[in-house]
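Subject: A structure to look at

Hello,

I am handing over a structure that you have not seen before, and I hope you enjoy looking through it. Please open it first, and then read my notes below alongside it.

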Amino acid sequence: MSKRAALAQPYIQINGPSWKGVIVVDCDHTETLLWHDRRAPQPNWIVISQRTGRHHLGYVIDAPVSWTDAPWSNAREAPQALFKRVRA
């Protein structure tokens, strides 16, 4: 899909099905700098809705996490557990 076509879509998938390298935190409030006040790590990017003021924080991790059960994948449970906790 071209960039132009992708930007016309209402949603995007930031991680692929077998590797996850980005954690996106959906913030259902308008306190954009709350991550700073709570001493959380600085996000790589912040996207703010002009309409509602709600936002998403994006964290790019250094080593993508394998998300497949293929024997060659070297998938590890601890990194997968982190993603699952953030998603909850």
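Let me start with a lysine and a tryptophan: K20 lies over the face of W67, 5.1 Å from the ring centre. Please keep in mind throughout that this is a predicted model. I also looked for pairs of aromatic rings, and the count came to zero.

Next, the sheet. In what order do the strands of the open sheet come? There are three of them, arranged β1-β3-β2, and the pairing is antiparallel. At the edges are β1 (19–27) and β2 (45–48), each of which pairs on one side only. On average, neighbouring strands of this sheet are turned by 30 degrees against each other, direction ignored.

You can follow both pairings residue by residue. Eight bridges link β1 and β3 in the antiparallel sense, and C27 stands opposite H55 in β3. On the other side, β2 is joined to β3 (residues 55–66) by four bridges, again running antiparallel. Here I48 stands opposite H55, while V47 stands opposite H56. As a general point, side chains in a regular strand alternate between the two faces of the sheet.

The turn is worth a visit too. β2 and β3 form a hairpin with six residues between them, and G53 in that turn has a positive phi of about 80 degrees.

Another positive phi belongs to R39, a residue other than glycine, with a value near 60 degrees. Most residues other than glycine have a negative phi. You will find R39 in the loop between α2 (34–37) and β2. Is R39 buried or exposed? Its relative accessibility is 79%, so R39 counts as exposed.

Finally, have a look at Q80, which sits in helix α3 (residues 77–87). Q80 has a relative accessibility of 14% and therefore counts as buried, since the cut-off for buried is under 20%. What does the side chain of Q80 reach at 2.9 Å? The partner is the backbone oxygen of S66. Leaving aside residues up to four places away in sequence, Q80 touches V65, S66, W67, T68 and A75. W67 in that list is also the residue whose face K20 lies over, which brings us back to where these notes began.

Best wishes

Key
Residues are numbered from 1 along each chain as its sequence is written. This is a predicted model: local features need pLDDT of at least 70, side-chain atom pairs count only at pLDDT 80 or more; totals for chains, interfaces and linings use all residues. Side-chain values use heavy atoms; hydrogens and water are left out. Rings of Phe, Tyr and Trp (its six-membered ring) pair if their centres lie within 6.5 Å; planes under 30 degrees apart count as stacked, over 60 as edge-to-face and the rest as tilted. A charge sits over a ring if NZ of Lys or CZ of Arg is within 6 Å of the ring centre and within 35 degrees of the ring normal. Helices (H or I, at least four residues) and strands (E, at least two) are DSSP runs, numbered from the N terminus. Buried means under 20% relative accessible area, exposed over 50%, partly exposed in between (1.4 Å probe, protein chains only). A polar contact is a pair of N or O atoms within 3.5 Å; within protein, one must be able to donate a hydrogen and the other to accept it, and residues adjacent in sequence count only if both atoms are side-chain atoms. Contact means heavy atoms within 4.5 Å. Two strands pair if DSSP finds at least two bridges between them. Axes are lines fitted to C-alpha atoms, for helices over the stretch in contact, and angles run from 0 to 180 degrees between N-to-C directions.
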